[in-house]
Amino acid sequence: YEEQYEQHWEKLQQTLELDNIEGFRNEFLDMHPYDQAMFFIEQEKSVRLQIYTYLSPEEVADIMESMDEEEQVRDLISEMDPRFASMVLAEMSADNAVDILNEMDKDHIASFLTIMDPSAADEIKQLLHYEEKTAGSIMTTEYIATYKTNTAKQTMQQLKEQAPDAETIYYLYVLDEDKRLVGVLSLRDLIVAQEDTRIEAIMMEKVVAVSVGKDQEEIAQMMRDYDFLALPVVDFQDHLLGIITVDDIMDVMEEEASDDYSKLAGVTDVERPNDS
Ligand code: ATP
Ligand code: MG
C-alpha cells in the first residue's frame, strides 16, 4: 500500500513539473481530501502556489477543511492571493471559516471580509460576535429548516434546494410563523411520510436545544447523553440560530482533553489564567 502511495505522489509531482493541469487534477481530485492535504503540506510553498492555480476555491476549501490544525490552515490561507483566499474562506462552512479567522489579527479579518462575497461575509460576521467556547462560537448557520404547516412533499423539495450547503441533512428543524423552533424530524421520518402529510403531524415536539451562550463542555456532555448527530442552538426566545454537529463536538472534546491534561501535568496555561 505504502508503495502505491509513493508512486501516486511521484506521478503527481511529475504532472506539476510538466505543468500538466489536466493530469494533475485527474490524479489529485481522485484522492480523499485528507490525503490531498497530506500531499499538499509536504510541498514547498512555490509548489503550493502553483497548485492553487490548478484548483477552484471550492476544491481548496475541501482540503483546508480536512486539516486539524487551525494555525496551519491560517498560514496556508495567508500565503494565497487574498482574493482567492477570501473565496476559499467563503466556500468553507461558516463555523470553520470563523475558527480560521479567529487565528488572524483584526486587520486581516477585516480585509478578508471586505473582499468576500457579501452573503458569506455576513454569515461569518454574525458568528464572529459570539464568545469563545460557547454554543454560538462552535455552531454553524448552515442547517435545514422547514415550517410546521408545510407538507412532506414541499419539505422534500426544499431539502433538495438546501442540501448542497447544509452541514448535515439528517435532521430537519421545524419553525412556526415567528420562526421559533417548535419541532424536529429526521430525514428518515420525512422519507417514510405520506407526501401530503403536514410536518406538524410527524415532527417531534420536545426538541432538545441549547442556548447560544451555553458552555461547549456541557454541550459535549449533552451530545453524548442524547446521542444525537446534531443539536440546535436557540436564542432566549427560541429562535433557531444554528446547529452544532458531532464533528464540531469532537474538536471540543479533543481541546478540553488536552486542557485537562495540561492541568494534571501542572502546566500553567498562560493564555487563560482564570480558567477554573
Ligand atoms: P431511530 O433511532 O428511530 O432509528 P434515526 O436513527 O433515524 O431514528 P436518530 O438520530 O436516532 O435518527 O434520531 C431519532 C429521532 O430523534 C428522530 O426522529 C429525530 O426527529 C429526533 N431528534 C433529532 N434531534 C432532536 C433534538 N434535538 N431533540 C429531540 N429530538 C430530536
Ligand atoms: Mg437512531
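Domain bounds here come from an automatic or database domain assignment. With that in hand, let's walk through this predicted model. The protein chain splits into domain 1, covering 2-129, and domain 2, covering 145-251. Taken over C-alpha atoms, the centres of domain 1 and domain 2 are 30 Å apart.

What sits between the two domains? The largest nonpolar core takes residues from both domain 1 (2-129) and domain 2 (145-251), so this core lies between them. It has 57 residues, and the ones with the most contacts inside it are F24, F39, M64, I77, M80, L89 and I244. Helix α8 (residues 94-101) gives the largest share, with 5 residues. If you want a residue to click on, try M64: setting aside its neighbours within four places in sequence, M64 touches F40, V73, L76, M80, V88 and M92. There is another core too, apart from the largest one, with 12 residues, including I144, L159, L185 and L190.

Now for the sheets. One of them is open and has 3 strands in the order β1-β2-β3, with mixed pairing. Its edge strands are β1 (145-147) and β3, each pairing on one side only. On average, neighbouring strands in this sheet are turned by 35 degrees against each other, ignoring direction. Strands β2 (residues 171-175) and β3 run antiparallel and are joined by 5 bridges. Together β2 and β3 make a hairpin with 5 residues between them, and K179 in the turn has a positive phi of about 60 degrees. To follow the register, look for V174, whose bridge partner in β3 is G183, and for L175, which stands opposite L181 in β3.

Is β3 mostly covered or mostly open? Strand β3 (residues 181-186) is mostly covered, with 5 of its 6 residues buried. Over on β1 and β2, helix α12 (residues 152-162) lies across the pair, running at about 155 degrees to β1.

The other sheet to look at is also open, with 3 strands in the order β4-β5-β6 and mixed pairing. Here β4 (210-211) and β6 (240-245) are at the edges with a single partner strand each, so one side of each has no neighbour in the sheet. Strand β5 (residues 230-234) pairs with β4 in the parallel sense over 2 bridges, and V210 has V233 in β5 as its bridge partner. Helix α15 (residues 216-226) packs on this sheet and touches β4, β5 and β6, its direction making about 135 degrees with that of β5.

That leaves the charged contacts, with 6 salt bridges in the structure. In one of them, K11 meets E27, with the closest N and O atoms 3.7 Å apart. This pair links distant parts of the chain, since K11 is in helix α1 (residues 2-17) and E27 in helix α2 (residues 21-28), 16 residues apart. K11 counts as partly exposed because its relative accessibility is 44%, and E27 is also partly exposed, at 22%.

Another salt bridge joins the side chains of E103 and R74 (4.0 Å, N to O). E103 lies in the loop between α8 and α9 (106-115), while R74 is in helix α6 (residues 70-79), so the pair ties together parts that are 29 residues apart in sequence. Add D75 and you get a network of salt bridges linking R74, D75 and E103. Back by the β4-β5-β6 sheet, K214 forms a salt bridge with E218, their closest N and O atoms being 3.2 Å apart.

Technical notes
Residues numbered from 1 in each chain as written. Chains lettered and ligands numbered in written order. Predicted model: local features only at pLDDT ≥ 70, side-chain atom pairs only at ≥ 80, totals over all residues. Heavy atoms only, no water. Buried < 20%, exposed > 50% of the residue type's maximum accessible area, 1.4 Å probe, protein only. Helix = DSSP H or I, 4+ residues; strand = E, 2+ residues; numbered from the N terminus. Pairing = 2+ DSSP bridges. Axes fitted to C-alpha atoms, helices over the stretch in contact; angles between N-to-C directions. Contact = heavy atoms within 4.5 Å. Core = buried A, V, L, I, M, F, W, Y, C linked by side-chain atoms within 4.5 Å.
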